[in-house]
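Open the structure in your viewer and keep the selection tool at hand. This tour says what to pick next and what is there.

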Amino acid sequence: MIQRLSLSDLPQVLALETLVLDNLPRPDLLRRNTAQMWQSCLQAPHVALGDVVDNQLVAVAVLYIPSKGDAEDLAQYLSTFNALDYKSANYKICLVHPQFRGHGRQQQLGRLLEDAALQLGVNLLCSTVSPYNMASILSLQKLGYIADSSLTKYGFVRQLYYKIMCD
C-alpha cells in the first residue's frame, strides 16, 4: 500500500536506504543522504511516499520543494532549458528494496509524485541520476523526463533531467 511518510518513518527509511546502497553493484550509482536531509524530506513542504508490504517499507520516493536560493534547486543547473517562468521541484530520490525491483514501483511512485507536484502548483520537475544507473535512467525516460546535461553534484558526475508538467 502506498502512503505518505512522516518523521515517524525515519528509522524505516534509513534502514531501506542502507539496504539499497549495500546491494548496489557500484557505490557511485546512488549517494547516501544524511539523516538531516531525510528529516527534511519527511516534512512539508516536501512529499515523501512509501510503499509498504506486510508492514515493511519496500520503496520510498521524494518530491523535494526547494526554497528560494536553495543549492538543491536543480532547475538552476539546467543548460538547455530556461526555467525562469516555472515553479520547480525535484524528483529527489526513489529507493526500492532489492527483492521488490522490477515491478514498476519506481514509475508508480514517480507518477504519484507528479500528481502531488501539480497539486502544489509545480510545473517543472528536475532529477539527477548517475550516468551508470540504467534502471533509473530508463524509469525517468518512461516518465517523460528529458536529458539536459551532465554536472558534478553530490561528489559525483550526474546526468540532469527535467520534465515540464501540465494538467
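The tour goes from the sheet to the helices and ends at the salt bridges. Keep in mind that this is a predicted model.

**Stop 1: the sheet.** Colour the strands. An open sheet of 7 strands appears, in the order 1-2-3-4-5-7-6, and the pairing is mixed. Now select residues 2–4 and 146–153. These are strand 1 and strand 6, the edge strands; each has a single partner, so one side of each has no neighbour in the sheet. Look along the sheet: direction ignored, neighbouring strands are turned by 30° against each other on average.

Stay at strand 6. Its pairing with strand 7 is antiparallel and spans 7 bridges. For one bridge, pick Ala147; its partner in strand 7 is Tyr161.

**Stop 2: two helices across the sheet.** Select residues 10–22, helix 1. Helix 1 lies across strand 3 and strand 4, at about 95° to strand 3. Next comes helix 3. Helix 3 lies across strands 1, 2, 3, 4, 5 and 7, and runs at about 40° to strand 3.

**Stop 3: helix 4.** Select residues 134–142. Which residues of helix 4 are buried? They are Ser136, Ile137, Ser139 and Leu140. Look down the axis: these buried residues fall within an arc of 165°, so they line one face of the helix. An α-helix has 3.6 residues a turn, so residues three or four places apart point the same way. Turn to the face away from the buried side, where Ala135 and Lys142 are exposed. The buried residues pack against strand 4 (88–96), helix 3 (105–119), strand 5 (124–129) and strand 7 (156–164). Just past the helix, pick Gly144, with a positive phi of about 95°.

**Stop 4: salt bridges.** How many salt bridges does a search of the whole structure find? It finds 3.

- Pick Asp51 and Arg105. Their side chains meet at 2.7 Å, N to O. Asp51 is in strand 2 and Arg105 in helix 3, 54 residues apart. Both are buried.
- Pick Lys92 and Glu72. The closest N and O atoms are 3.0 Å apart. Lys92 is in strand 4, while Glu72 is in the loop between strand 3 and strand 4. Lys92 is buried at 16% relative accessible area, and Glu72 is buried at 13%.
- Pick Lys163 and Glu114. Here the closest N and O atoms are 2.9 Å apart. Lys163 lies in strand 7 and Glu114 in helix 3, so the pair ties together parts 49 residues apart in sequence. Lys163 and Glu114 are both buried.

Methods. Residues numbered from 1 in each chain as written. Predicted model: local features only at pLDDT ≥ 70, side-chain atom pairs only at ≥ 80, totals over all residues. Heavy atoms only, no water. Buried < 20%, exposed > 50% of the residue type's maximum accessible area, 1.4 Å probe, protein only. Helix = DSSP H or I, 4+ residues; strand = E, 2+ residues; numbered from the N terminus. Arc of directions from axis to C-beta. Contact = heavy atoms within 4.5 Å. Pairing = 2+ DSSP bridges. Axes fitted to C-alpha atoms, helices over the stretch in contact; angles between N-to-C directions. Salt bridge = Lys/Arg side-chain N within 4 Å of Asp/Glu carboxyl O.
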